[in-house]
Amino acid sequence: MKKFVLILTTITLFGGVFFVLRFAEKPGDTFSCPNCNVVLITLTNLRYDHMSGNGYMRPTTPALDDLAKESVVFDNAFAHSSWTLPEGISIFTSLYPYQHGVMNRYDGSVLSQDTPTLIDVLSENGYLTAGFTGGFDYSEAFGLTNGFGEYRECIEGKEEEVWRYGKISCSAPKALEWIQNHRGRKFFIHVQGYDPHCPFSQEGSRYDPDYAGTVDFSNCLWTFGKTEPEIKDGKPYYAVDSSTTEGKMSILLSEEDVAHLVALYDESITKSDEAIGLFLSEIEKLGLNDNTIVIFTSEHGDMLGKNGRFMRGGPLRGTFYDDVLHVPFFIKHPKLNPARLEGLVEHVDIMPTVLDLLGIKPPPGLEGKSVVPVLAGGKEIREYVFAGSEFHPQDNPYFDESSRTEAIRSKDFKLIKESILSTTPPSFEVELYDLRKDLEELHNVAEDNRDILEQLLPKLNEWSEKIREGK
């Protein structure tokens, strides 16, 4: 039987639009690809709208743009949380963060061994499994990546080192070597890196060479809520925290500093794109290109100053803007012609989609839906997408309230709800955005659209109660 390879790639980006290609199944073929190999590539923190192929102003992602041109692209794919640990586990389990329960690095949260993962199911169906990641939130300590037959963390030339952000320029060559040694067997491999995650690349200034500021960008800069600029000499400055200020908000960013921060972020994207391009070209040289399926997505994006918000600050309100939740999702499949599809999909849909394409029966209890019906006839599988997670600080100098942040989104409207759990009763605030007029989510229209608010808020509350309490 002819062998196929399935590659899944994950990146978080934002905004623009590709050209649209006519979608069609190649004549005489089906979507089923039994015995395919599976490669999952996740590039953490890459925003949808910072991909050049999505209309971004800089040539950040030429290799990924080429991949998208050969893929079925889902332009409305969304994550469920604002950071890697819960989101990575949601991708592999097809469960929302509330369900798998791993939403804190430091409270001993571990994925239950009774929870079936994509790794487990493929292993049980005869696949060799391997993971090559940048560590940190993909550490084996959280109970996910320890399920791989072989797992290695690749961090700046060092391996098996926990709690540091590793790059895909390190993990991809290691993964390629593994593929070269195991391509005679069907396999599942995960390749991941944190290249576009702060602190961003300091190796150069490709996109802002004339920057003359003095801000130290070698640490992550963040806020924990919406901030207003301070005006000095008629110019706005944004107060941010870092690991060096411990909640004092003592670093002030000018508009020029913010622009340079974005330029460094974009440069990090470009460097990671180069590594992914080399990886994909080597896959082709190995003769695997014609029997390879590529699925490309990302854990989450980032905030780069919009509404005075920087980074994501955990699952607090503002971190659930589309800057963070809207992620790219590509499927390159030898039996499918390229296309761009507008239907809403979620990260939890990845696991059932992979199993469906491979002809493997999914385990019970998955929340996601296979997108194969969409491929078969353009059918949309969701009217709404959801996000939700909790934040319980432990000795956090920046934010000391337990909180829950949730969102519901259609193609037309987005509702964000933040609850502070430590008050009695819990307090909450909402933001409503009319995406038909305000894709940037700059204008909260909750007061002017009570009918839409009264429609979406009960749906979000019903989803939250069902998912959190297993009803």
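This passage describes the internal spaces of a predicted model and the packing of two of its helices. Local features need pLDDT of at least 70 and side-chain atom pairs count only at pLDDT 80 or more, whereas totals for chains, interfaces and linings use all residues. Residues are numbered from 1 along each chain as its sequence is written, and side-chain values use heavy atoms, without hydrogens and water.

Five cavities of 30 Å³ or more are found in the structure; a cavity is a set of points, on a 1 Å grid over the protein atoms alone, where a 1.4 Å probe fits but cannot get out. The largest has a volume of about 90 Å³, volume being the space filled by probe spheres set on points joined across faces, edges and corners. Its lining (residues with an atom within 4 Å of a point) comprises 15 residues, with Cys 198, Phe 200, Cys 220, Leu 221 and Leu 261 nearest the centre. Twelve of the lining residues are nonpolar, two polar and one charged (Ala, Val, Leu, Ile, Met, Phe, Trp, Tyr, Cys and Pro are nonpolar; Asp, Glu, Lys and Arg charged; the others, Gly among them, polar).

The largest pocket (an open set with protein on both sides within 12 Å along at least five of seven lines) holds about 730 Å³ of space. Arg 105, Tyr 106, Phe 224, Phe 391 and Asn 396 are the closest to its centre among 29 lining residues, which divide into 14 nonpolar, ten polar and five charged.

Turning to the helices (DSSP runs of H or I, at least four residues, numbered from the N terminus), H5 (residues 168-182) packs against H6 (residues 255-285) at about 10°, with the axes 9 Å apart. Axes are lines fitted to C-alpha atoms over the stretch in contact, and angles run from 0 to 180 degrees between N-to-C directions. H5 is therefore roughly parallel to H6 (angles under 35 degrees). In their contact (heavy atoms within 4.5 Å), H5 contributes residues including Ile 168 and Leu 176, and H6 residues including Phe 279 and Glu 282; by class, the contact has nine nonpolar, two polar and one charged.

Terms used: Helix = DSSP H or I, 4+ residues; strand = E, 2+ residues; numbered from the N terminus. Parallel < 35°, antiparallel > 145°, perpendicular 65-115°, else oblique.
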